[in-house]
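This report describes one protein chain, from its overall build to a few selected residues. The sequence and structure come next.

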Amino acid sequence: MRICFATHNENKLREINQILSKYEVVGLTDIGCREEIPETGSTLSENSKIKADFVTSKYGIPCFADDTGLEVEALNGDPGVYSARYAGRDRDNLANINLLLKNLETHSNKTARFRTVITLNLEGNTHQFEGIVNGIIVSVLKGEKGFGYDPIFIPEGYDQTFAEMSAESKNAISHRGRAVAKLVEFLENRV
Ligand code: IMP
């Protein structure tokens, strides 16, 4: 069965195709969708559902979509659903990190978590899968790998930031890795 992952990211596509055996996963580019799907929801759950619904209704193909946020406890869950554009401009990683560190400066509680929600649209039904990794925010950036807030996030039980870990080590414990594992289990166990 063909299924769409609402992403243009070739790495995400390759990764999931390696673990799914019963499905061929195609991306937005493969189905001819070049537009930026608006993320107008106020929660990760809403946004991932908006994206999956958009693709299924417009292109008539089963689809899953993910949305991720960094939730900082002392900042009441911010930047959360606004993680990509926390400092204003979309995906300006360094500006986002600097604003987060400034806002967290006066707080002693550095607890945070990454949370991913995947919405799957399949045969008229919606299914959601959540993945969480707990950790802390550090004020000095460390590591060159990864993206986003990786240089300032240390997962619980480790002493390296996500940006210091190999992609394999990060995927094995990450929010996205955990949500994807639940999705894969669901899809592979369907009869
Ligand atoms: P998206 O939903 O995957 O597009 O993620 C939204 C934003 O959250 C990204 O632009 C990043 O700022 C942040 N983010 C998501 N996943 C990660 C991650 O694995 N590490 C660091 N930042 C992330």
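Leaving aside neighbours within four places in sequence, which residues is Arg113 in contact with? The contacts of Arg113 are Gly69, Leu70, Glu71, Ile132, Val133, Asn134 and Phe153. The model in which they are found is a predicted one.

## Arg113 in strand 5

Arg113 belongs to strand 5, which covers residues 111-122. Its relative accessibility is 29%, so Arg113 counts as partly exposed; the buried class would require a value under 20%.

One of the contacts of Arg113 is Phe153. These two residues are 40 positions apart in sequence, and their C-alpha atoms are 8.7 Å apart in space.

## Fold and dimensions

The protein chain contains five helices and seven strands. Read from the N terminus, the order of the elements is β-α-β-α-β-β-α-β-β-β-α-α.

The radius of gyration is 17 Å, which agrees with the value near 16 Å for a compact globule of 191 residues. Along the principal axes, the C-alpha atoms fill a box of roughly 50 × 30 × 25 Å. Among contacts with a sequence separation of 6 or more, 53% join residues 24 or more positions apart.

## Surface and charge

Of the 191 residues in the protein chain, 44% are buried. The chain exposes about 10000 Å², and carbon and sulfur atoms supply 48% of that area.

There are 22 positive and 27 negative side chains. The centres of the two charge sets lie 1 Å apart.

## Asp67 in strand 3

Asp67 is placed in strand 3, which spans residues 63-72. With a relative accessible area of 7%, Asp67 is buried, because the cut-off for that class is under 20%.

The side chain of Asp67 makes a polar contact with the side chain of Asn47 at 3.3 Å. Not counting residues up to four places away in sequence, Asp67 touches Glu39, Thr43, Leu44, Asn47, Ser48, Lys51, Val81, Arg115, Thr116 and Val117. Asn47 therefore appears both in this list of touching residues and as the partner in the polar contact. Arg115, Thr116 and Val117 lie on the same strand as Arg113, given that strand 5 runs over residues 111-122.

## Thr7 in the loop after strand 1

Thr7 sits in the loop that joins strand 1 (2-5) to helix 1 (10-19). Although it is a loop residue, Thr7 counts as buried, with 8% relative accessibility.

The side chain of Thr7 reaches the backbone nitrogen of Asn9 at 2.9 Å. Beyond residues up to four places away in sequence, Thr7 touches Lys12, Leu13, Gly27 and Leu28. Lys12 and Leu13 fall within the range of helix 1 (10-19).

## Ser166 in the loop before helix 4

Is Ser166 buried or partly exposed? Its relative accessibility is 28%, so Ser166 counts as partly exposed. Ser166 is located in the loop between strand 7 (153-155) and helix 4 (167-173).

The side chain of Ser166 forms a polar contact with the side chain of Ser169, at 2.8 Å. Ser169 falls within the range of helix 4 (167-173). Ser166 and Lys145 are 21 residues apart along the chain, and their C-alpha atoms are separated by 7.4 Å.

Notes:
Residues numbered from 1 in each chain as written. Predicted model: local features only at pLDDT ≥ 70, side-chain atom pairs only at ≥ 80, totals over all residues. Heavy atoms only, no water. Helix = DSSP H or I, 4+ residues; strand = E, 2+ residues; numbered from the N terminus. Rg over C-alpha atoms; globule rule 2.2 N^0.38 Å. Buried < 20%, exposed > 50% of the residue type's maximum accessible area, 1.4 Å probe, protein only. Contact = heavy atoms within 4.5 Å. Areas by Shrake-Rupley, 256 points an atom, 1.4 Å probe, with all protein chains shown as cover. Lys, Arg positive; Asp, Glu negative; His and termini not counted. Charge placed at Lys NZ, Arg CZ, Asp CG, Glu CD. Polar contact = N/O pair within 3.5 Å; in protein donor to acceptor, adjacent residues only side chain to side chain.
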